[in-house]
Amino acid sequence: IEISSPQLMSVTGKAIQGRKCTFSFDKVFGTNSTQIEVFDEISQLVQSALDGYNTSIFTYGQTGSGKTYTMEGPQNPDENTRGVIPRAVLQIFKTAEGLAELGWTFEMEAFFLEIYNESVRDLLANSKEKKEKKYEIKHDCKDNSTSITDL
């Protein structure tokens, strides 16, 4: 997909110097995809994060299309219905546990964000921080990096 966009852009629409950016998708899942199929596809991203690379998983779709269900799973999940986040956390800690037996130590950091109606919320921040902080997503087409302010 090609989108005409500024060189540096944010969700607020602040534009600096117009430029065309190209975005590509490795995979798009259909409505009949299972939680296991989705995680099997992205589990290597979790391994890449363990290997020291920055990774992210982006879900997009209309309200009610299943993004939250896919990421979190249902209220009382079983092995088949567990979402991407619990599966990823399990994979991370199983790997860390195995490597700890070999003397490895780890420092882990994660962000859980929600973007809704062009507002970015840190889902792990306390209530006061959620109300006061204004986050922006910025993409730099020069080095193809994306960042979120104040995280």
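The following legends describe an overall view and several close-up views of one predicted protein model.

In this predicted model, local features require pLDDT of at least 70 and side-chain atom pairs count only at pLDDT 80 or more, whereas totals for chains, interfaces and linings use all residues. Residues are numbered from 1 along each chain as its sequence is written, and side-chain values use heavy atoms, with hydrogens and water left out.

**Figure 1. Overall view of the helices and strands of the protein.** The protein contains 4 helices and 6 strands. Helices (H or I, at least four residues) and strands (E, at least two) are DSSP runs numbered from the N terminus. Read from the N terminus, the order of elements is β-β-α-α-α-β-β-α-β-β. Of the 151 residues in the protein, 18% are buried; here buried means under 20% relative accessible area, exposed means over 50%, and partly exposed lies in between (1.4 Å probe, protein chains only). A contact means heavy atoms within 4.5 Å. Among contacts between residues at least 6 apart in sequence, 35% join residues at least 24 apart. The protein exposes about 11,800 Å², of which carbon and sulfur atoms supply 49%. Accessible areas come from the Shrake-Rupley method with a 1.4 Å probe, and for residues only the protein chains shown count as cover.

**Figure 2. Close-up of the hairpin of strand 3 and strand 4.** Strand 3 (residues 113-116) pairs with strand 4 in the antiparallel sense over 4 bridges; two strands pair if DSSP finds at least two bridges between them. The hairpin has 2 residues between the strands, and Asn-117 takes a positive phi near 50 degrees. Strand 4 spans residues 119-122, and its side chains alternate. Val-120 and Asp-122 point to one face and are buried, while Ser-119 and Arg-121 point to the other face and are not.

**Figure 3. Close-up of Asp-122 in strand 4.** Asp-122 counts as buried because its relative accessible area is 13%. Across the strand pair, Leu-113 stands opposite Asp-122. Lys-134 is 12 residues from Asp-122 along the chain, and the C-alpha atoms of the two residues are separated by 9.7 Å.

**Figure 4. Close-up of the salt-bridge network of Glu-79, Arg-82 and Arg-87.** A salt bridge is a side-chain nitrogen of Lys or Arg within 4 Å of a carboxyl oxygen of Asp or Glu, and by this rule the count comes to 2. In one of them, the side chain of Arg-82 meets that of Glu-79 at 3.3 Å, N to O. In the other, the side chain of Arg-87 meets that of Glu-79 at 3.9 Å, N to O. Glu-79 is partly exposed, with a relative accessibility of 49%, and Arg-82 is partly exposed at 22%.

**Figure 5. Close-up of Arg-87 and the residues that it touches.** Arg-87 lies in helix 3 (residues 84-100). With a relative accessibility of 8%, Arg-87 counts as buried. Leaving aside residues up to four places away in sequence, Arg-87 touches Gln-35, Ile-36, Phe-39, Glu-79, Asn-80, Thr-81 and Arg-82.

**Figure 6. Close-up of a nonpolar surface patch.** Val-89, Phe-93, Leu-102, Trp-104, Phe-106 and Met-108 make a patch of about 630 Å². Patches are made of residues with over 30% relative accessible area and no salt bridge; like charges are joined within 9 Å, and nonpolar side chains (Val, Leu, Ile, Met, Phe, Trp, Tyr) within 5 Å. Met-108 is placed in the loop between helix 3 and strand 3. The relative accessible area of Met-108 is 40%, so Met-108 is partly exposed.

**Figure 7. Close-up of Asn-144 in the loop between strand 5 and strand 6.** Strand 5 covers 137-140 and strand 6 covers 145-148. Asn-144 is exposed, with a relative accessible area of 55%. The phi of Asn-144 is near 55 degrees, a positive value in a residue other than glycine. The side chain of Asn-144 makes a polar contact with the side chain of His-139 at 3.3 Å. A polar contact is a pair of N or O atoms within 3.5 Å; within protein, one must be able to donate a hydrogen and the other to accept it, and residues adjacent in sequence count only if both atoms are side-chain atoms.
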